[in-house]
Amino acid sequence: MDYRKFSDTYYVRMDRGDEIISCILGLCKKENITSCIFSGIGGLSKAEIQTFIPEKGAFETEMLNGMLELVTLTGNVITDDEMNYYQHTHAAVSYKDENGHHFAGGHIKSLTVLYTAEIELRPVNGGKIGRVYNEETGSGFWNFD
């Protein structure tokens with residue numbers, strides 16, 4: 001991974017084998033970014049995509065492997081009062097098999113770069129978006145307090 005900061009925005013290039021979510025969280029910790037949004041595109045070798053099933057109160061996971069195009073990636077990073085980092089990321093990927101072209105998408109647990117990924121990361125300026133836990137969903141949401 002390599003990155004540069006121009007004005008208030010970070011431009012991140014990830015390389016073969018980089019795991020996108022852990023790289024983004026690592027960059028946020030290194031640069032002391034407590035809340036941000038990000039987006040990106042690229043090529044993947046592996047995607048772990050999740051769908052939340054409310055009746056089960058849990059995620060179902062689908063693993064995709066092979067030549068995957070990262071059509072779109074969007075997400076955010078926030079921190080709680082103890083400075084624990086949390087990400088919420090969604091993506092759509094396309095792939096081709098013997099039956100044609102396909103799309104898959106949803107909540108992202110992990111994405112592994114095949115040849116490159118290009119990410120734009122924009123920190124929140126002038127404030128911080130925190131995290132509050134919601135018992136009903138078992139998840140955290142943005143907190144503006």
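## A predicted fold and its nonpolar patch

The protein has 1 helix and 8 strands, where helices (H or I, at least four residues) and strands (E, at least two) are DSSP runs numbered from the N terminus. Along the sequence, these elements follow the pattern β-β-α-β-β-β-β-β-β.

A word on the basis: this is a predicted model, in which local features need pLDDT of at least 70 and side-chain atom pairs count only at pLDDT 80 or more, while totals for chains, interfaces and linings use all residues. Residues are numbered from 1 along each chain as its sequence is written, and side-chain values use heavy atoms, with hydrogens and water left out.

Here are some overall values for the protein.

| Property | Value |
|---|---|
| Radius of gyration (C-alpha atoms) | 16 Å |
| Box of C-alpha atoms along the principal axes | roughly 50 × 45 × 20 Å |
| Accessible area | about 8400 Å² |

The radius agrees with a compact globule of 145 residues, which would come near 15 Å; that rule is 2.2 Å times the number of residues to the power 0.38. Buried residues (under 20% relative accessible area, 1.4 Å probe, protein chains only) make up 41% of the 145. Of the contacts (heavy atoms within 4.5 Å) with a separation of 6 or more, 60% join residues 24 or more positions apart.

Now to the surface. Carbon and sulfur atoms supply 49% of the exposed area, computed by the Shrake-Rupley method with a 1.4 Å probe. Ile37, Trp142 and Phe144 make a nonpolar patch of about 330 Å². Trp142 sits in strand β8, residues 139-143, and is partly exposed (between 20% and 50%) at 40% relative accessible area.

Methods: Patches are made of residues with over 30% relative accessible area and no salt bridge: like charges are joined within 9 Å, nonpolar side chains (Val, Leu, Ile, Met, Phe, Trp, Tyr) within 5 Å. A salt bridge is a side-chain nitrogen of Lys or Arg within 4 Å of a carboxyl oxygen of Asp or Glu.
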